[in-house]
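Work through the exercises below with the model open beside you. Try each task before you read its solution.

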Amino acid sequence: MPKDILEVLLNPVRMRVLQLFRPGESGAGGQMTANEICEQLSDIPRTTLYRHIGVLIDADVLDIVSERKVRGSVERTLALNMSEFEKLRGNNVENVPQLALRYLMVIYAKFEKYFRTHERIAEKDTMFFTSAILMLNDQEFEGFLTEITAVFDKYSSKGASEGCKSRDISIICAPPEEMRKTEGG
């Protein structure tokens with residue numbers, strides 16, 4: 001198991017598990033059982049999910065809130081351990097370049113694996129890269145973020161169904177180079 005909390009968090013499967021615990025996502029006030037996680041992420045094999053849930057528990061990212069016996073096994077109810085995220089928040093300022101590099105390397109690794117293992121072409125799989133500079137005041141930018149969050153929430157809470165396949169979407173927001181120069185950065 002990775003010792004570094006960032007290694008634990010920056011795994012694509014574990015990221016998807018953690019997204020289920022966002023406010024408003026899980027039906028039980030931010031708590032879910034492993035079985036409920038498996039139902040929500042039905043495109044991932046159960047054994048794989050159980051292994052990743054175990055890593056999140058071992059790293060204290062997920063807490064076991066309660067346990068109960070169900071047909072000879074133990075069902076655990078899980079919740080986010082927010083204190084682990086608070087520890088990260090306090091260290092972010094000095095570690096931002098390292099955090100950004102790790103995040104980008106996770107994305108790069110996905111693309112590298114795709115091109116190494118798939119014969120399909122990017123257009124057929126609807127894969128693309130894009131970048132845009134938006135001219136927005138602070139209020140417009142807040143509105144933009146609110147709208148994007150609503151779209152992400154709408155589709156990330158959708159369970160897998162017939163004909164669905166996973167789509168990996170990453171968004172990075174940073175001030176453009178010209179803005180950093182004018183603000184003294």
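**Exercise 1: Asp60 and Asn81**

Asp60 has a relative accessible area of 40%, so it is partly exposed. Buried means under 20% relative accessible area, exposed over 50%, and partly exposed in between (1.4 Å probe, protein chains only). This is a predicted model: local features need pLDDT of at least 70, side-chain atom pairs count only at pLDDT 80 or more, and totals for chains, interfaces and linings use all residues. Residues are numbered from 1 along each chain as its sequence is written, and side-chain values use heavy atoms, with hydrogens and water left out.

Task: place Asp60, then find what the side chain of Asn81 reaches.

Solution. Step one: Asp60 sits in the loop between helix 4 and strand 2. Helices (H or I, at least four residues) and strands (E, at least two) are DSSP runs, numbered from the N terminus. Step two: check the backbone. Asp60 is not a glycine, yet its phi is positive, about 65°. Step three: go to Asn81, in the loop between strand 3 and helix 5 (82-117). Asn81 counts as buried, at 12% relative accessibility. Its side chain reaches the backbone oxygen of Asp60 at 2.8 Å. This is a polar contact: a pair of N or O atoms within 3.5 Å; within protein, one must be able to donate a hydrogen and the other to accept it, and residues adjacent in sequence count only if both atoms are side-chain atoms. Step four: list the contacts (heavy atoms within 4.5 Å). Leaving aside neighbours within four places in sequence, Asn81 touches Asp60, Val61, Leu62 and Asp63.

**Exercise 2: The sheet**

Task: give the strand order and say which strands stand at the edges.

Solution. Step one: the three strands form an open sheet in the order 1-3-2, with antiparallel pairing. Two strands pair if DSSP finds at least two bridges between them. Step two: strand 1 (31-33) and strand 2 (62-70) are the edges. Each has a single partner strand, so one side of each lacks a neighbour in the sheet. Step three: neighbouring strands are turned by 25° against each other on average, direction ignored. Step four: strands 1 and 3 (residues 73-80) pair over three bridges. Met32 has Leu78 in strand 3 as its bridge partner.

Now look at the loop between strand 2 and strand 3, where Arg71 is found. Arg71 is exposed at 82% relative accessibility. Its phi is positive too, near 45°, and it is a residue other than glycine.

**Exercise 3: Helix 2**

Task: which residues of helix 2 are buried, and why do they line one face?

Solution. Step one: in helix 2 (residues 12-19), the buried residues are Val13, Arg14, Val17 and Leu18. Step two: look down the axis. These residues fall within an arc of 135°, so they line one face of the helix. The arc is that of the directions from the helix axis to the C-beta atoms. Step three: at the start of helix 2, a side-chain oxygen of Asn11 comes to within 2.9 Å of the backbone nitrogen of Val13.

**Exercise 4: The whole chain**

Task: count the helices and strands.

Solution. Step one: the protein chain has seven helices and three strands. Step two: along the sequence they follow the pattern α-α-β-α-α-β-β-α-α-α. Step three: of the 185 residues, 25% count as buried.

Note on methods: Axes fitted to C-alpha atoms, helices over the stretch in contact; angles between N-to-C directions.
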